[in-house]
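Welcome! Please take a moment with the sequence and the 3D view, and then we can walk through them together.

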Amino acid sequence: MKFKDYYETLGVDRKASQEEIQKAFRKLARKYHPDVNKTKEAEERFKEINEANEVLSDAEKRKRYDMLGANWREGQEFQPPPGWDQGGGSFQFNFGDGAGLGGFSDFFDAIFGGGGAFAGASPFGGMGAGPQRGPFPRQPQHQEAELEISVEDSINGATKSIQLRDAVGKTRSINVKIPAGTNHGGTIRLAGAKGEPDLYLKIKIAAHARYTAAGSDLLVKLPVSPWEAALGGKVDLVLPDGTIKVTVPAGAQSGSKLRVRGRGFAAGKDRRGDVLAEIKIVVPTALSTSEREIYEKLASISRFNPRSAA
């Protein structure tokens with residue numbers, strides 16, 4: 001097979017930065033994209049620059065490619081070194097980067113383990129069970145991206161606008177509906193337009209000062225005063241989807257938890273996890289004269305020693 005010099009294909013130096021590689025790729029993609037240039041030569045050229053970008057824009061594949069050395073030249077007869085195929089791996093290509101224009105070359109297959117752009121894909125873009133070589137009809141691809149949302153949006157549901165960029169740098173906005181109760185690690189599938197791959201958005205819930213996800217349960221701190229903890233009673237608990245009343249039992253301790261059922265994240269069809277409210281006793285930092293007198297009175301008559309059980 002013939003060696004392919006991916007650096008020459010994109011017109012960049014072997015020491016080019018990722019920014020320089022992407023800049024060169026976008027410039028060539030705009031010139032040779034089949035939607036812009038209808039010639040057969042342009043289609044073949046676009047395949048070549050797409051394949052070069054697939055390798056050089058990925059740090060691992062670029063490192064593996066560079067291991068072949070800098071002495072090879074475009075068009076030279078080439079065979080992978082013995083045992084090379086033991087180090088192959090799977091890959092993903094970027095959304096919109098010329099999918100549907102034929103498989104990657106035999107040279108690419110030899111270096112990266114086969115499969116090209118059209119290996120059987122998992123729902124998140126991994127390689128299929130076996131290598132497939134040579135050009136063949138386009139098969140649907142699954143692409144994956146991460147979407148970070150707030151706890152409030154995950155519990156209440158929301159509609160978010162996201163930007164997608166194609167191979168020639170053109171962007172488009174689409175609205176994504178996030179169902180109420182969507183959990184961290186959950187996925188939302190966006191069906192691709194005709195001839196485009198489906199996109200799976202993996203949900204990441206952003207860190208929050210008050211709320212924490214624990215599986216399908218939602219953990220929240222519940223601040224209570226010393227007298228509420230000692231005497232018990234109903235207090236307000238603020239949740240992402242509203243404020244409710246919960247009962248604090250008399251003698252409640254810091255770290256103990258109250259359970260509110262069905263107000264957490266999705267835990268299956270028509271079922272949601274719970275809210276676990278962790279009690280945190282908060283002592284006032286500034287006392288009025290009357291409050292100080294009451295605390296001093298309590299200190300003089302109480303036989304309670306918090307350290308006796310320590």
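What follows is a short tour, from the overall layout to the sheets, the cores and the charged pairs.

Keep in mind from the start that this is a predicted model. The protein has 310 residues, and 36% of them count as buried. Its secondary structure consists of eight helices and eleven strands. About 18000 Å² of surface is exposed, and carbon and sulfur atoms supply 51% of that area. How do contacts join residues that are distant in sequence? Among contacts between residues at least 6 apart in sequence, 56% join residues at least 24 apart.

Let us turn to the strands. Four of them form an open sheet, and reading across it you meet β6, β7, β11 and β10 in that order, with mixed pairing. At the edges sit β6 (211-214) and β10, each of which pairs on one side only. From one strand to the next, the twist averages 30 degrees. Inside this sheet, β7, which covers residues 217-224, pairs with β11 in the parallel sense over seven bridges. If you would like one spot to look for, find Val224, whose bridge partner in β11 is Ile281.

Another pair of strands to look at is β8 and β9. Strand β8 spans residues 233-239 and strand β9 spans residues 242-248, and they pair in the antiparallel sense over seven bridges. Together they make a hairpin with two residues between the strands. Leu239 is a handy landmark here, as its bridge partner in β9 is Gly242.

Now for the interior. In soluble globular proteins, nonpolar side chains tend to be buried together. Which residues touch the most other members of the largest nonpolar core? In that core of 34 residues, they are Leu222 and Leu237. Setting aside residues up to four places away in sequence, Leu237 touches Arg210, Val220, Leu222, Gly242, Thr243, Ile244, Val246, Val260, Val275 and Ala277. There is also a second, separate core of 25 residues, and its members include Leu10, Ile49, Leu56 and Leu68.

For a look at a single buried residue, try Val12, in the loop between α1 (6-10) and α2 (18-32). Is Val12 buried or exposed? Its relative accessible area is 15%, so Val12 counts as buried, the cut-off for that class being under 20%. Leaving aside neighbours within four places in sequence, Val12 is in contact with Tyr7, Glu20, Ile21 and Ala24. You can also trace from Val12 to Phe25: the two are 13 residues apart in sequence, and their C-alpha atoms are 9.6 Å apart in space.

The last stop is the charged side chains. Side chains of opposite charge can pair when their charged atoms come close. How many salt bridges does a search of the whole structure find? It finds twelve, and three of these pairs are described below.

Start with Glu44 and Lys47, whose closest N and O atoms are 3.5 Å apart in their salt bridge. Both residues lie in helix α3 (residues 40-56), three residues apart, which is about one turn of the helix. Glu44 is partly exposed, with a relative accessible area of 33%, and Lys47 is also partly exposed, at 24%.

Next comes the salt bridge between Lys61 and Glu54, where the closest N and O atoms are 3.1 Å apart. Here Lys61 is buried at 5% relative accessible area, and Glu54 is likewise buried at 5%. These two residues also belong to a network of salt bridges that links Glu54, Asp58 and Lys61.

Finally, find the salt bridge between Asp274 and Arg259, with the closest N and O atoms 2.8 Å apart. This pair links distant parts of the chain: Asp274 is in the loop between β10 (257-260) and β11 (275-281), Arg259 is in strand β10, and 15 residues separate them. Is each partner buried or partly exposed? Asp274 is buried, with 10% relative accessibility, whereas Arg259 is partly exposed at 46%.

Methods
Residues are numbered from 1 along each chain as its sequence is written. This is a predicted model: local features need pLDDT of at least 70, side-chain atom pairs count only at pLDDT 80 or more; totals for chains, interfaces and linings use all residues. Side-chain values use heavy atoms; hydrogens and water are left out. A nonpolar core is a set of buried Ala, Val, Leu, Ile, Met, Phe, Trp, Tyr and Cys residues joined through side-chain atoms within 4.5 Å. Buried means under 20% relative accessible area, exposed over 50%, partly exposed in between (1.4 Å probe, protein chains only). Contact means heavy atoms within 4.5 Å. A salt bridge is a side-chain nitrogen of Lys or Arg within 4 Å of a carboxyl oxygen of Asp or Glu. Helices (H or I, at least four residues) and strands (E, at least two) are DSSP runs, numbered from the N terminus. Accessible areas come from the Shrake-Rupley method with a 1.4 Å probe; for residues, only the protein chains shown count as cover. Two strands pair if DSSP finds at least two bridges between them. Axes are lines fitted to C-alpha atoms, for helices over the stretch in contact, and angles run from 0 to 180 degrees between N-to-C directions.
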